[in-house]
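Student: I have a structure open and no idea where to begin. Can we go through it together?
Tutor: Yes. Put it up and ask as you go.

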Amino acid sequence: MLQNFAQWLSDTPPSRFIQDVLWIIPAVQTIHILAIAIVLSAVAMIELRLFGLIGRNTPVAQTAGRFLPWLWWGTLALAITGLILITGEPGRALTNPAFQLKMALLLVALGVTFAFHRSVRRRSARWSGASQSMGAIVIRIAALVTLLLWFSIAVAGRWIAYAVVSYGGT
Amino acid sequence: MGDLQLSLERIFHWLESWPISVAVRESAWVFPAIESVHVIAITLVVGSILIVDLRVLGWASRDERVTHIAGSILPWTWGVFCVAVISGFSLFAAKAHTYFANFNFEAKMVLMAMAFLNMLVFHLIPYRSVRCWDIERPAPFLAKFACAVSVTLWVLIVAMGRWIGFSIEG
């Protein structure tokens with residue numbers, strides 16, 4: 001079914017257009033990577049703060065409040081550029097195991113981030129004291145796992161190019 | 001000129017004969033694995049530099065001291081930059097001849113040299129008076145100009161890096 005949909009999509013005019021204009025794919029991929037730069041750096045700043053490695057004098061809620069909007073807007077930019085890339089090369093993405101893994105990991109990462117966002121907004125005082133309390137080690141492990149989760153999304157994304165036999169290494 | 005070409009030729013041959021270079025060329029997963037590390041490192045370098053640039057430009061984090069942001073983030077930027085250089089060099093060494101003759105690769109290196117010079121200018125000239133515009137006051141024109149140049153250069157560096165994959169065969 002997914003294969004049929006990919007086939008149908010690749011015959012539509014927008015897909016044809018992206019396939020015909022050769023610079024669109026690398027240009028949109030570049031914007032996609034720049035959005036990844038924003039999202040991964042925002043995640044890294046929040047996790048480093050939770051580790052107590054950056055801005056220890058700034059409350060966790062303030063660091064989160066500064067970087068979470070970048071994370072969400074960056075994710076929106078990733079979704080839009082990602083949709084353009086899928087439209088242009090549906091066969092490369094939709095039926096690709098690396099792409100499917102990426103989407104599954106992304107859902108988990110978005111869930112974790114959403115839960116963190118809600119918690120830090122409702123219980124900002126608790127998060128501020130968290131680095132000194134008993135929960136510190138749990139929070140650090142969670143921060144490390146979340147960071148690695150976002151990294152793994154980027155790795156799965158890069159692997160899309162290699163999990164498709166017909167497309168070489170681009 | 002002939003001598004220089006000959007010695008470059010020998011250096012490239014030597015680099016391409018390294019075990020890691022052979023592995024990058026012959027293994028199905030070594031290239032994408034190192035490439036993934038390279039992409040994640042570059043996105044973190046670009047994202048973290050962007051945080052500092054946007055602060056100096058007065059577009060983000062205005063309630064935070066410039067010296068605090070630069071001092072807490074830039075050491076991480078340098079650390080991750082080393083990862084980007086080592087991973088990037090491993091990819092380069094595998095096909096030194098090919099990359100050296102590639103326009104996008106050459107452009108990327110020139111742009112990186114320009115970003116380095118721009119950074120030197122920023123730190124040696126406007127940043128010396130940072131105490132005067134650390135907080136509440138806008139940065140002087142030259143500081144803002146250098147940061148705008150920095151954002152532009154890093155966007156182009158990412159673009160040229162992505163285009164290498166489309167202009168090199170196999």
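Student: I clicked on F141(B). Which helix does F141(B) lie in?
Tutor: F141(B) is part of helix 7 of chain B. Keep in mind that this is a predicted model.

Student: Is F141(B) buried or exposed?
Tutor: Exposed, because F141(B) has 9 C-beta neighbours inside 10 Å, and a residue with 12 or fewer counts as exposed.

Student: And how far apart are the C-alpha atoms of F141(B) and S7(B)?
Tutor: They are separated by 45 Å, with the two positions 134 residues apart along the chain.

Student: Ok, chain A now. How many helices and strands does the secondary structure of chain A come to?
Tutor: Chain A has 8 helices and 0 strands. Its C-alpha atoms fill a box of roughly 55 × 25 × 25 Å along the principal axes. Of its 170 residues, 33% count as buried.

Student: What about contacts in chain A between residues at least 6 apart in sequence: what share joins residues at least 24 apart?
Tutor: That share is 80%.

Student: Helix 8 of chain A caught my eye. What should its 28 residues span?
Tutor: At 1.5 Å a residue, helix 8 of chain A (residues 136-163) should span 40 Å, and its end C-alpha atoms are 39 Å apart, which agrees.

Student: Which residues of helix 8 of chain A are buried?
Tutor: Among them are A143(A), W150(A), I153(A), A154(A) and Y162(A).

Student: And what covers the buried residues of helix 8 of chain A?
Tutor: The cover includes helix 3 (24-51), helix 5 (90-93) and helix 6 (97-122) of chain A, and also helix 3 (30-57) of chain B.

Student: So chain B is involved. How many residues does the contact take from chain A and from chain B?
Tutor: Each chain puts in 23 residues. On the side of chain A that touches chain B, helix 3 and helix 8 of chain A each supply at least two residues. The largest share of that side, 11 residues, comes from helix 3 of chain A. By class, the side of chain A has 14 nonpolar, 7 polar and 2 charged residues.

Student: What about the largest nonpolar core, how many residues has it?
Tutor: It has 73 residues, and V39(A), L40(A) and A42(A) have the most contacts inside it. Elements from chain A and chain B each give two or more residues to this core, including helix 4 (60-88) of chain A and helix 6 (103-124) of chain B. Helix 3 of chain A gives the most, with 15 residues.

Student: Take L40(A). What does L40(A) touch, not counting residues up to four places away in sequence?
Tutor: In chain A, L40(A) touches W150(A) and A154(A); in chain B, L40(A) touches I40(B), T43(B), L44(B) and G47(B).

Student: Back to helix 3 of chain B. How many of its 28 residues are buried?
Tutor: 23 of the 28 are buried, so helix 3 of chain B is largely enclosed by the rest of the structure. After this helix comes G58(B), whose phi is positive, near 85 degrees.

Student: Last one. At what angle do helix 2 and helix 4 of chain A pack?
Tutor: About 90 degrees, with the axes 8 Å apart. Helix 2 and helix 4 of chain A are therefore roughly perpendicular to each other. P14(A), S15(A), I18(A) and Q19(A) in helix 2 meet I84(A), T87(A) and G88(A) in helix 4. The residues of this contact divide into 3 nonpolar, 4 polar and no charged.

How values were computed:
Residues are numbered from 1 along each chain as its sequence is written. Chains are lettered from A and ligands numbered from 1 in the order in which they are written. This is a predicted model: local features need pLDDT of at least 70, side-chain atom pairs count only at pLDDT 80 or more; totals for chains, interfaces and linings use all residues. Helices (H or I, at least four residues) and strands (E, at least two) are DSSP runs, numbered from the N terminus. The expected span of a helix is 1.5 Å times one less than its number of residues. A residue is buried if 20 or more other C-beta atoms lie within 10 Å of its own, exposed if 12 or fewer, and partly exposed in between; C-beta atoms are placed from the backbone. Two residues are in contact if their C-beta atoms, placed from the backbone, lie within 7 Å. Ala, Val, Leu, Ile, Met, Phe, Trp, Tyr, Cys and Pro count as nonpolar, Asp, Glu, Lys and Arg as charged, and the others, Gly among them, as polar. A nonpolar core is a set of buried Ala, Val, Leu, Ile, Met, Phe, Trp, Tyr and Cys residues joined through C-beta atoms within 7 Å. Axes are lines fitted to C-alpha atoms, for helices over the stretch in contact, and angles run from 0 to 180 degrees between N-to-C directions. Angles under 35 degrees count as roughly parallel, over 145 as roughly antiparallel, 65 to 115 as roughly perpendicular and the rest as oblique.
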